[in-house]
Amino acid sequence: MHEARQRLEHARNSRAAQLRALDESGQSADDHLMSVQAEAIQRVLLEIDAAFARIEDGSYGTCLDCAKPVPEERLEILPYTRHCVTCQRRAAA
């Protein structure tokens, strides 16, 4: 779980830096692209916070749909994921 926390901290820090860069870009807050990017980053930050909560309650690394373990490789790439690839694909369809 230590490695998972480190990956999540890195993801959180990266997204927070991206959000700060958008804020400091000097673009108008009404700029549609900037607004969409900021919203996407904020959604990921919420997902990261939810992943930290799953670590605390012991459910981290378990797919919320099928309850099977999420492969370690997937968690390395997307440490805040809630779903295994199969369930994620099913939800996106």
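The following paragraphs lead from the helices of this predicted model to its nonpolar cores and then to two exposed residues.

The first helix, α1, covers residues 2–24. At 1.5 Å a residue, its 23 residues should span 33 Å, and the end C-alpha atoms of α1 are indeed 33 Å apart, so the expected and computed spans agree. The second helix, α2, runs over residues 32–57.

Two packed helices are described by the angle between their axes and the distance between the axes. For α1 and α2 the angle is about 160°, and the axes lie 10 Å apart. Because angles over 145 degrees count as roughly antiparallel, α1 is roughly antiparallel to α2. The crossing of α1 past α2 is left-handed.

Which residues of α1 are buried? They are Ala 4, Arg 7, Leu 8, Ala 11, Leu 19 and Leu 22. An α-helix has 3.6 residues a turn, so residues three or four places apart point the same way. The buried residues of α1 pack against α2 and also against α3, which comprises residues 72–77.

The largest nonpolar core contains 15 residues, and the members that touch the most others are Leu 8, Ile 48, Ala 51, Ile 55, Tyr 60, Cys 63 and Tyr 80. Two elements, α1 and α2, give two or more residues to this core. The greatest contribution comes from α2, with five residues. Apart from this core lies another, made of six residues that include Leu 19, Met 34, Ala 38 and Leu 45.

Within the largest core, Ile 55 is one of the residues that touch the most other members. Leaving out residues up to four places away in sequence, Ile 55 touches Met 1, Ala 4, Arg 5, Leu 8 and Tyr 60.

Among these partners, Met 1 is located in the segment before α1. Is Met 1 buried or exposed? Its relative accessible area is 56%, and Met 1 is therefore exposed. Beyond its neighbours within four places in sequence, Met 1 is in contact with Ile 55 and Tyr 60. Although Met 1 and Ile 55 are 54 residues apart along the chain, their C-alpha atoms are separated by 7.4 Å.

The last stop is the loop between α2 and α3, where Ala 67 is found. Most residues other than glycine have a negative phi. Ala 67 is not a glycine, yet its phi is positive, at about 65°. With a relative accessibility of 56%, Ala 67 counts as exposed.

Note on methods: Residues are numbered from 1 along each chain as its sequence is written. This is a predicted model: local features need pLDDT of at least 70, side-chain atom pairs count only at pLDDT 80 or more; totals for chains, interfaces and linings use all residues. Side-chain values use heavy atoms; hydrogens and water are left out. A nonpolar core is a set of buried Ala, Val, Leu, Ile, Met, Phe, Trp, Tyr and Cys residues joined through side-chain atoms within 4.5 Å. Buried means under 20% relative accessible area, exposed over 50%, partly exposed in between (1.4 Å probe, protein chains only). Helices (H or I, at least four residues) and strands (E, at least two) are DSSP runs, numbered from the N terminus. Contact means heavy atoms within 4.5 Å. The expected span of a helix is 1.5 Å times one less than its number of residues. Axes are lines fitted to C-alpha atoms, for helices over the stretch in contact, and angles run from 0 to 180 degrees between N-to-C directions. Angles under 35 degrees count as roughly parallel, over 145 as roughly antiparallel, 65 to 115 as roughly perpendicular and the rest as oblique. A crossing is left-handed if the near helix is turned anticlockwise from the far one by less than a right angle, and right-handed if clockwise.
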